[in-house]
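Let's take a relaxed walk through this protein, starting with the big picture and then going into the details. Have a look at the fold first, and then read on.

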Amino acid sequence: MPISLSPNPNMDYKAPQSHVDEEEVSSLLLRPLERFIFAAGDPACAMEELCKLEDPPAQCGRVFGMGEPTYTCRDCALDPTVVMCLDCFNSSEHKRHRYKMSTSYGGGYCDCGDVEAFSSHPHCSVHARGLAGRREGDAGAGEGAGLLSKVPADIQVA
Ligand SMILES: [Zn+2]
Ligand SMILES: [Zn+2]
Ligand SMILES: [Zn+2]
């Protein structure tokens, strides 16, 4: 336990937090943690990396390994080779449709996000977000602004 949070002889045992000095905890514990989390050095760079994670691509393109489950939607897939990976399928509308599961022999890739491949719901919810993000980006809105605004103000980088 960090020294500033440890019990000490002068503390009030009925209010075990009362001897804790918020400022001290902040400078001894939170700031070093912050530096640790942003180990890359520049917090601004680390933030950009985080924003990319929050901004998924509009297509999946996952390449299937041998034996990996693949899903195709009988209602929406425009041809029988159209498949989705498990993650995309689970977050798509197609799991409520008539679908068919098969096992990949390896080498194919996930068609999620390919608007030519499905008559409806070409995107799972994850890749639909990627699409939305892209449109916002095109319109000139700050990319990743959504995530940055969730970061507490005192660790935001101006
Ligand atoms: Zn996928
Ligand atoms: Zn997807
Ligand atoms: Zn479907």
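Two residues count as being in contact if their C-beta atoms, placed from the backbone, lie within 7 Å. With that in hand, take the contacts between residues at least 6 apart in sequence: 68% of them join residues at least 24 apart.

Keep in mind that what you're looking at is a predicted model. The mean pLDDT of the protein is 79, and 68% of its residues reach 70 or more. One stretch to treat with care is residues 139-144, where pLDDT stays under 50. The model has 7 contacts beyond four places in sequence for that stretch. Where pLDDT is low, the predicted coordinates should not be read in detail.

Now for the parts list. The protein has 5 helices and 3 strands, and reading along the sequence gives the pattern α-α-β-β-α-β-α-α. Of its 158 residues, 16% are buried.

Let's begin with helix H1, which covers residues 22-37. H1 bends by about 30° at Leu-30, and a proline, Pro-32, follows within four residues. Is this helix covered or in the open? The number of buried residues among its 16 is 0, so H1 lies largely in the open.

Next comes the sheet. In what order do its strands sit? The order is E2-E1-E3, in an open sheet of 3 strands with antiparallel pairing. Strand E2 (84-85) and E3 are the edge strands, each pairing on one side only. As background, strands of a sheet pair through backbone hydrogen bonds, either parallel or antiparallel.

Look at the two pairings one at a time. Strand E1 (residues 69-73) is joined to E3 by 5 bridges, and these two strands run antiparallel. Along this pairing, Cys-73 stands opposite Tyr-99 in E3, and Thr-70 faces Ser-102 in E3. E1 also pairs with E2 in the antiparallel sense, over 2 bridges. There, Tyr-71 is opposite Met-84 in E2.

How do these strands fare for cover? E1 is mostly covered, with 4 of its 5 residues buried. For strand E3 (residues 99-103), the number buried is 0 out of 5 residues, so E3 lies largely in the open.

Met-84 turns up again when you look for the largest nonpolar core. Which of the 14 residues in this core touch the most other members? They are Met-84, Cys-85, Cys-88, Cys-110 and Cys-112. The elements giving two or more residues to this core are E1, E2 and helix H3 (86-90).

Cys-112 is a good place to pause. Leaving aside its neighbours within four places in sequence, Cys-112 is in contact with Gln-59, Cys-60, Met-84, Cys-88, His-123, Cys-124 and His-127. Two names on that list, Met-84 and Cys-88, also belong to the core residues just mentioned.

His-127 comes up once more if you move to Pro-57, in the loop between helix H2 (43-54) and E1. Setting aside neighbours within four places in sequence, Pro-57 is in contact with His-127 and Gly-130. Pro-57 and Gly-130 are 73 residues apart in sequence, yet they are 4.7 Å apart in space, C-alpha to C-alpha. Pro-57 has 15 C-beta neighbours inside 10 Å, so this residue counts as partly exposed.

The loop between H2 and E1 also holds Val-63. Here the partner to look for is Tyr-109: the two are 46 residues apart along the chain, and their C-alpha atoms are separated by 4.2 Å. Val-63 counts as partly exposed because it has 13 C-beta neighbours inside 10 Å.

One last stop is His-121, in the loop between E3 and helix H4 (125-138). What is its phi? His-121 has a positive phi of about 50°, although it is not a glycine. Most residues other than glycine have a negative phi, and most peptide bonds are trans. With 17 other C-beta atoms within 10 Å, His-121 is partly exposed.

Notes:
Residues are numbered from 1 along each chain as its sequence is written. Chains are lettered from A and ligands numbered from 1 in the order in which they are written. This is a predicted model: local features need pLDDT of at least 70, side-chain atom pairs count only at pLDDT 80 or more; totals for chains, interfaces and linings use all residues. A residue is buried if 20 or more other C-beta atoms lie within 10 Å of its own, exposed if 12 or fewer, and partly exposed in between; C-beta atoms are placed from the backbone. Two strands pair if DSSP finds at least two bridges between them. pLDDT is the predictor's confidence in each residue, from 0 to 100. The bend at a residue is the angle between axes fitted to the seven residues ending there and the seven starting there. A nonpolar core is a set of buried Ala, Val, Leu, Ile, Met, Phe, Trp, Tyr and Cys residues joined through C-beta atoms within 7 Å.
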